Amino acid sequence: LAARGEAAALRQAVSELPASQRTALELTKIGDLSLAEAGQRSGMSVGSLKIATHRAMRSLRRRFGVGD
């Protein structure tokens, strides 16, 4: 049950990210696409994807207290 709650909390946190961060995270980390593939699907540049993914991961780490 704890794992279900954690998964639900993570899904909620991802849904609250800004759209560009959510898209970058979903394509590169969840969808396991390369940056080039994610860029083609999203219309974002590789640099923008890197920045958005980094910011999304930083936000999630802060929210869940990871890396403190």
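User: Let's start with one residue: is Leu10 buried, partly exposed or exposed?

Analyst: The general idea is a scale of relative accessible area: buried is under 20%, exposed is over 50%, and partly exposed is in between (1.4 Å probe, protein chains only). Leu10 has a relative accessible area of 40%, so Leu10 is partly exposed. Keep in mind that this is a predicted model, where local features need pLDDT of at least 70 and side-chain atom pairs count only at pLDDT 80 or more, while totals for chains, interfaces and linings use all residues. Residues are numbered from 1 along each chain as its sequence is written, and side-chain values use heavy atoms, with hydrogens and water left out.

User: Where does Leu10 lie?

Analyst: Helices are DSSP runs (H or I, at least four residues), numbered from the N terminus. Leu10 lies in helix H1, residues 2-15.

User: Which residues form a nonpolar patch on the surface with Leu10?

Analyst: A patch takes residues with over 30% relative accessible area and no salt bridge, and joins nonpolar side chains (Val, Leu, Ile, Met, Phe, Trp, Tyr) within 5 Å. A salt bridge is a side-chain nitrogen of Lys or Arg within 4 Å of a carboxyl oxygen of Asp or Glu. Here, Phe64 and Val66 join Leu10, and together they have about 260 Å² of accessible area, computed by the Shrake-Rupley method with a 1.4 Å probe.

User: Now the inside: which residues of helix H2 are buried?

Analyst: In H2 (residues 19-30), they are Gln21, Ala24, Leu25, Leu27 and Thr28. Their cover includes H1, helix H3 (35-42) and helix H4 (46-64).

User: What is Gln21 in contact with, beyond its neighbours within four places in sequence?

Analyst: Contact means heavy atoms within 4.5 Å. Gln21 touches Ala52, Arg55 and Ala56 in that sense. Gln21 counts as buried because its relative accessibility is 13%. Its C-alpha atom is 9.7 Å from that of Ser59, 38 residues apart along the chain.

User: Which residues make up the largest nonpolar core?

Analyst: In soluble globular proteins, nonpolar side chains tend to be buried together. A nonpolar core is a set of buried Ala, Val, Leu, Ile, Met, Phe, Trp, Tyr and Cys residues joined through side-chain atoms within 4.5 Å. The largest one here has seven: Ala24, Leu27, Leu33, Ala38, Met44, Leu49 and Ala52. H2 and H4 are the elements that give two or more residues to this core. Apart from it lies another core of six residues, including Val14, Leu25, Ala56 and Leu60.

Technical notes:
Patch = residues over 30% accessible without salt bridge, like charges linked within 9 Å, V, L, I, M, F, W, Y side chains within 5 Å.
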